Amino acid sequence: MTKPGSSRLRPLTRRLLSAPARAHKEGIFVISLGIYEKALPRTESWVERLKMVRDLGFNFLELSVDESDERLARLDWTAAKRAKVRDACWQTGVRIHTLMLSGHRRFPLGSADPAIREKSLTMLCKAIDLASDLGVRNVQLAGYDVYYEPKTLASREYFIENLKRGVAYAAAKEVMLAIETMDDPFLNSLSKIKTIKDEIPSPWLQAYPDLGNLSAWPENNVGRELELGIANIVSVHLKDTQAVTVKSKGQFRDVPFGAGVVDFAGCLRTLKRLDYSGAFTIEMWTEKAADPIQEVKQAKDFFDPLFVQAGFVQEPVAKTNVPS
């Protein structure tokens with residue numbers, strides 16, 4: 001395996017990145033690579049956080065709005081706070097591509113409680129507004145009708161009804177909503193996401209496959225799923241998992257890359273054949289690890305040669321727009 005940055009790869013990479021159109025003509029796709037916020041050590045400074053993203057060799061950050069009160073409060077950031085985060089992006093040259101709205105696990109769109117459904121829809125509209133203000137391209141939705149409640153036909157119906165309202169709001173703001181394939185049987189495949197899109201036929205509702213979640217479910221033919229869903233894929237999560245079996249519920253988090261069931265080389269090669277040239281995000285939860293920076297470096301070192309082998313080249317890491 002050729003290591004990223006080797007002398008053999010550098011001339012090709014420099015030549016292709018100097019002319020992206022030539023790269024595509026030669027069958028090499030220039031893609032952007034991001035890192036999930038929870039992979040990084042915590043800091044109160046957005047400039048510092050985004051500089052870490054840049055210095056680690058990534059093009060963008062995936063912002064977390066999870067179940068915690070602390071991160072849910074981001075939906076109510078003041079205009080001044082939003083301007084500060086936006087300015088940090090300009091100062092560091094690092095984008096925030098995606099807002100991951102995993103807070104819907106706690107307040108699901110399909111809840112049996114009408115007050116929770118109302119709060120869930122309000123959260124979604126606030127997330128769309130935040131994305132619009134920050135220049136975020138995608139609001140990633142967790143594909144759960146409900147998480148802590150029993151699943152029913154009604155929970156599916158409530159989910160679709162409220163998602164339809166959210167899609168209409170997102171369309172007016174020109175913000176993409178992207179449903180992630182999940183660690184839950186409700187929407188654990190691109191085929192299932194397509195059935196939701198059939199009910200809500202909007203260009204502002206698309207799919208965000210998690211290669212780990214997609215691979216963990218034994219009923220999924222991963223290659224065929226990518227083929228069936230390619231027209232709707234706007235971003236891809238890179239995560240390893242352990243499979244669901246008759247004796248195991250699987251493991252959907254904290255599986256070291258290369259130690260799980262995901263055939264990353266095969267997935268990337270399939271996506272390349274399907275002409276996917278969108279973004280990839282490495283998803284990790286190492287913010288509380290002994291050395292989060294080293295964990296992220298190891299993850300990037302794992303994927304860099306796989307991208308090259310598949311025919312992808314990462315876009316150059318941005319230079320600062322102002323001294324930082």
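**Exercise 1. How α6 passes α7**

Task: In this predicted model, find the handedness of the crossing between α6 and α7, then work out how the two helices are oriented.

Solution:
- Start with the handedness: the crossing in which α6 passes α7 is right-handed.
- Next, take the axes. Those of α6 (residues 114-134) and α7 come within 10 Å, and they cross at roughly 25°.
- Now classify the angle. Angles under 35 degrees count as roughly parallel, so α6 is roughly parallel to α7.
- Finally, look at who makes the contact. From α6 come Arg 117, Leu 121, Leu 124, Cys 125, Ile 128, Asp 129 and Ser 132. From α7 come Tyr 158, Asn 162, Arg 165, Gly 166, Tyr 169, Ala 170 and Lys 173.

**Exercise 2. The buried side of α8**

Task: Which residues of helix α8 are buried, and what covers them?

Solution:
- List the buried residues of α8 (residues 190-199): Leu 190, Ile 193, Ile 196 and Lys 197.
- View them down the axis of α8. The buried residues fall within an arc of 110°, so they line one face of the helix.
- Recall a general rule to go with this: an α-helix has 3.6 residues a turn, so residues three or four places apart point the same way.
- Then turn to the cover. Among the elements over these buried residues are the helices α7 (153-173), α9 (211-216) and α10 (222-229), along with the strands β5 (176-180) and β6 (205-208).

**Exercise 3. Thr 270 and its helix**

Task: Is Thr 270 buried or exposed, and how does its helix, α11, lie against α12?

Solution:
- Place the residue: Thr 270 belongs to helix α11 (residues 264-273).
- Compare its accessibility with the cut-off. Buried means under 20%, so Thr 270, at 14% relative accessibility, counts as buried.
- Look for partners beyond four places in sequence: Thr 270 is in contact with Gly 223 and Leu 226.
- Move on to the helix pair. The axes of α11 and α12 (residues 292-310) come within 9 Å and cross at roughly 40°, and the two helices are therefore oblique to each other.
- Add the handedness: α11 and α12 make a right-handed crossing.
- Name the contact residues. α11 supplies Phe 264, Ala 265, Leu 268, Arg 269 and Lys 272, while α12 supplies Phe 302, Phe 303, Leu 306, Phe 307, Gln 309 and Ala 310.

**Exercise 4. The annotated domain**

Task: Which residues does UniProt list for the domain, and what is the chain's helix and strand content there?

Solution:
- Read the record: the unreviewed UniProt entry lists residues 51-304 as "Xylose isomerase-like TIM barrel".
- Turn to the model: over residues 51-304 the chain is 44% helix and 13% strand.
- Check the ends: the C-alpha atoms at the two ends of residues 51-304 are 20 Å apart.

Key:
Residues are numbered from 1 along each chain as its sequence is written. This is a predicted model: local features need pLDDT of at least 70, side-chain atom pairs count only at pLDDT 80 or more; totals for chains, interfaces and linings use all residues. Side-chain values use heavy atoms; hydrogens and water are left out. UniProt positions are given in the numbering used here, feature names are shortened, and annotations may be inferred rather than shown by experiment. Helices (H or I, at least four residues) and strands (E, at least two) are DSSP runs, numbered from the N terminus. Buried means under 20% relative accessible area, exposed over 50%, partly exposed in between (1.4 Å probe, protein chains only). The arc is that of the directions from the helix axis to the C-beta atoms. Contact means heavy atoms within 4.5 Å. Axes are lines fitted to C-alpha atoms, for helices over the stretch in contact, and angles run from 0 to 180 degrees between N-to-C directions. Angles under 35 degrees count as roughly parallel, over 145 as roughly antiparallel, 65 to 115 as roughly perpendicular and the rest as oblique. A crossing is left-handed if the near helix is turned anticlockwise from the far one by less than a right angle, and right-handed if clockwise.
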